[in-house]
Amino acid sequence: MADSKRVLIIDDNAAVRLILSGMLEELGHQVVGEASDADAALKAYKDLKPDLVTLDLSLSATGGADGTVVLDALRKADGGVRIIVISGNAQAKLREQLAKAGARGFVAKPIQEAELSTAIAEALK
């Protein structure tokens, strides 16, 4: 794929990271890093400077900051960051709030490759 992007995956669930990585690679993108909590996510973004970030909204399972805190921190670090939020909660109101907070896309769990592909295309516009 000529338009391959460098992607950072942020999710506290190793199985989801593995599945997402496979889907992203299948879509022709390069997974340059993974993070399972807020601190690792911010460090990885700074170090790797990816083209795109996938961010699990419910990172709170790790006992640290949740995805909304990470979204805000990434946006403060780089106003041009392209973030696709992934969540099992697909309520329209939540999606609107995330868009206002700077998310460029949204994918509902369970993740479908076609939906992920569409979200990536939208996020990169």
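The following paragraphs describe how helices are packed in this structure, which is a predicted model.

Helix α3, spanning residues 67–77, offers a starting point. Its residues G67, V70, L71 and L74 are buried. These four lie on the same side of α3, because they cover an arc of only 105° around the axis. The elements that cover the buried residues of α3 include the strands β1 (6–10), β3 (52–56) and β4 (83–87), together with the helices α2 (38–48) and α4 (92–100).

One of these covering elements, α2, packs against α3 with the two axes 10 Å apart and at an angle of about 25°. Angles under 35 degrees count as roughly parallel, and α2 and α3 are therefore roughly parallel to each other. Their crossing is right-handed. On the α2 side, A38, A41, L42 and Y45 take part in the contact, and they meet V70, A73 and L74 of α3. The residues of this contact comprise seven nonpolar, no polar and no charged. Of the α3 residues that meet α2, V70 and L74 are also among the buried residues of that helix.

A second helix pair is formed by α1 (residues 14–26) and α5 (residues 113–123), whose axes come within 10 Å and cross at roughly 65°. Angles of 65 to 115 degrees count as roughly perpendicular, and this description therefore applies to α1 and α5. The crossing of α1 past α5 is right-handed. Here L20, M23, L24 and E26 of α1 meet E113, L116 and I120 of α5. The residues of the contact divide into five nonpolar, no polar and two charged.

Note on methods. Residues are numbered from 1 along each chain as its sequence is written. This is a predicted model: local features need pLDDT of at least 70, side-chain atom pairs count only at pLDDT 80 or more; totals for chains, interfaces and linings use all residues. Side-chain values use heavy atoms; hydrogens and water are left out. Axes are lines fitted to C-alpha atoms, for helices over the stretch in contact, and angles run from 0 to 180 degrees between N-to-C directions. Helices (H or I, at least four residues) and strands (E, at least two) are DSSP runs, numbered from the N terminus. Angles under 35 degrees count as roughly parallel, over 145 as roughly antiparallel, 65 to 115 as roughly perpendicular and the rest as oblique. A crossing is left-handed if the near helix is turned anticlockwise from the far one by less than a right angle, and right-handed if clockwise. Contact means heavy atoms within 4.5 Å. Ala, Val, Leu, Ile, Met, Phe, Trp, Tyr, Cys and Pro count as nonpolar, Asp, Glu, Lys and Arg as charged, and the others, Gly among them, as polar. Buried means under 20% relative accessible area, exposed over 50%, partly exposed in between (1.4 Å probe, protein chains only). The arc is that of the directions from the helix axis to the C-beta atoms.
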